[in-house]
Amino acid sequence: MLQKDGFFRKRDEGMFAKPQTTSPAPAPAANAALAPSEPARYEATTRSDERKEAKLVVGPEIKIKGVEISDCDTLVVEGRIEATLDSRVLEITQHGVFQGTIAVDQAEIHGRFEGELTVRKQLVIHATGKVSGKIRYAKIKVEEGAELAGEIQVLDKAQIDKAQSVTLARRVGNAA
């Protein structure tokens, strides 16, 4: 039998609002795991004045194609995604694949990236990483064994400032 506390709490603790403060009750049936009697438990915690980190994890065996992702602070790719994204952090795990266009502050790549990548601060390509396409970065670290191919360019200070101002304008535009 699936208990909702065991299913949701371990990995997602802290991602959902208001922990339960009631006394323990008998385990509900599996089909009641998302019962409407507890809507506050499943609401995002972005209600406070402080903006919480918006993190998207594309899990293993998940494939997403043809999307534009917005208002995402951190994208973790364990599966396969074809998208356009402006974010703060990109992490591609060893079996993850990202195809498309992305502008980020930091990128850490253990898997594969294909497309256009702009990294405003630091790009780290680990030994298992494969990066190809149009790559622009402020700083780079490439471990032995990593693969890097395509049009590769170091961003100068003016390009970094421009990329950051465009990102800020997009975030302010999305908030309005």
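Here is a walk through a run of paired strands and the side chains that link them. Keep in mind that this is a predicted model.

Let's start with β6, which covers residues 97-109. Strand β4, residues 80-86, runs parallel to β6 and is joined to it by seven bridges. If you want a landmark in that pairing, take L85, whose bridge partner in β6 is I102. Strand β5, residues 89-92, also pairs with β6 in the parallel sense, this time over four bridges. Here the residue to look for is E91, with E108 as its bridge partner in β6.

Now step on to β7, residues 112-125. Twelve bridges join β6 to β7, and the two strands run parallel. V97 of the β6 stretch stands opposite R112 in β7. From β7 you can carry on to β8, residues 130-142, again a parallel pairing and again with twelve bridges. R112 turns up here too, standing opposite K130 in β8. So far that is backbone; the side chains come next.

What about the aromatic rings? Two rings are described by how far apart their centres are and by the angle between their planes. In this model the count comes to one aromatic pair. That pair is F98 with F113, and it is stacked, with 5.5 Å from centre to centre and 10 degrees between the planes. F98 sits in strand β6 and F113 in strand β7, 15 residues apart, and the pair links distant parts of the chain. Are these two rings' residues, F98 and F113, buried or exposed? Both F98 and F113 are buried.

Then there are the charges. Opposite charges on side chains can pair when the charged atoms come close. Searching the whole structure turns up five salt bridges, and R120 is a good place to begin. R120 forms a salt bridge with D86, and their closest N and O atoms are 3.5 Å apart. Because R120 lies in strand β7 and D86 in strand β4, this contact ties together parts that are 34 residues apart in sequence. Why does R120 count as buried? Its relative accessibility is 3%, and buried means under 20%. D86, at 14% relative accessibility, counts as buried as well.

R120 has another partner, D105: their side chains meet in a salt bridge at 2.7 Å, N to O. This pair, too, links distant parts of the chain, with R120 in strand β7 and D105 in strand β6, 15 residues apart. D105 has a relative accessible area of 14%, so it is buried.

One further salt bridge takes us out to β8. The side chains of R136 and E116 meet at 3.0 Å, N to O. R136 is in strand β8 and E116 in strand β7, 20 residues apart, and this is another link between distant parts of the chain. E116 has a relative accessible area of 28%, so it counts as partly exposed. As for R120 and its two acids, salt bridges that share partners join D86, D105 and R120 into one network.

Put the pieces together and you can follow the strands by their side chains. F98 in β6 reaches F113 in β7, R120 in β7 pairs with D86 in β4 and with D105 in β6, and R136 in β8 pairs with E116 in β7.

How values were computed:
Residues are numbered from 1 along each chain as its sequence is written. This is a predicted model: local features need pLDDT of at least 70, side-chain atom pairs count only at pLDDT 80 or more; totals for chains, interfaces and linings use all residues. Side-chain values use heavy atoms; hydrogens and water are left out. Two strands pair if DSSP finds at least two bridges between them. Rings of Phe, Tyr and Trp (its six-membered ring) pair if their centres lie within 6.5 Å; planes under 30 degrees apart count as stacked, over 60 as edge-to-face and the rest as tilted. Buried means under 20% relative accessible area, exposed over 50%, partly exposed in between (1.4 Å probe, protein chains only). A salt bridge is a side-chain nitrogen of Lys or Arg within 4 Å of a carboxyl oxygen of Asp or Glu.
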